[in-house]
Amino acid sequence: MDDEIRTAAEAAEDAAIPRCHEVHADPETCKGGRDVTEGVRLTPVKEKSEAQWAYERLILYIQNFEKTLDNEHEIAIGFAGGDTGVIRIEGMGFFDPDIVTFYGSDAGGVKTQLIQHVTQLSVMLRALPKKIDHVEPNRIGFRLVEDLETA
């Protein structure tokens, strides 16, 4: 708790500012997580948004799924409804109050981003053979959990 004195209006304004947070498997994509609202003063709020809750729970599912994979496979995610198909997960984020975003590449290697409202969230985790040019498989779950623990 800090000793800064703020008015109720300032507190309400800070709580209303949307936050967006994401982490990628490649540390060079965004070091230590990226907050696209960087530079905007945010005050912690006691309750998590639907987006943050969905994001954090997906991280746990992803990490647990990755623990079951051998070194020849990486995690991918499939989406119910529509023709989105499967995305090799290379990053994930949320935008308060209700958007979850997935970054990656599709089966053809095309860069892909899926933006989804939390009420439409229905995902399937899949194991895909790792990319040939990588010696070690990418483990996004580890980076996502590491980011949560240091936040």
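Reader: What makes the largest nonpolar core a core, and which residues touch the most other members?
Author: A nonpolar core is a set of buried Ala, Val, Leu, Ile, Met, Phe, Trp, Tyr and Cys residues joined through side-chain atoms within 4.5 Å, where buried means under 20% relative accessible area with a 1.4 Å probe, protein chains only. In this predicted model, the largest such set has 23 residues, and Tyr55, Ile62, Met92, Phe102, Ile140 and Leu144 touch the most other members. The largest share, 6 residues, comes from α2.

Reader: How do you know what Ile140 touches?
Author: Contact means heavy atoms within 4.5 Å. Leaving out residues up to four places away in sequence, the residues touched by Ile140 include Val23, Ile62, Ile75 and Ile89.

Reader: Why is α2 called oblique to α3?
Author: Their axes, lines fitted to C-alpha atoms over the stretch in contact, give angles from 0 to 180 degrees between N-to-C directions. The axes come within 8 Å and cross at roughly 140°. Under 35 degrees counts as roughly parallel, over 145 as roughly antiparallel, 65 to 115 as roughly perpendicular and the rest as oblique, so α2 is oblique to α3.

Reader: Which residues make that contact?
Author: Among them are Tyr55, Ile59 and Glu66 of α2 and Ile140, Leu144 and Asp147 of α3.

Reader: How is the model read?
Author: Residues are numbered from 1 along each chain as its sequence is written, and side-chain values use heavy atoms, with hydrogens and water left out. Local features need pLDDT of at least 70 and side-chain atom pairs count only at pLDDT 80 or more, while totals for chains, interfaces and linings use all residues.

Methods
Buried < 20%, exposed > 50% of the residue type's maximum accessible area, 1.4 Å probe, protein only. Helix = DSSP H or I, 4+ residues; strand = E, 2+ residues; numbered from the N terminus.
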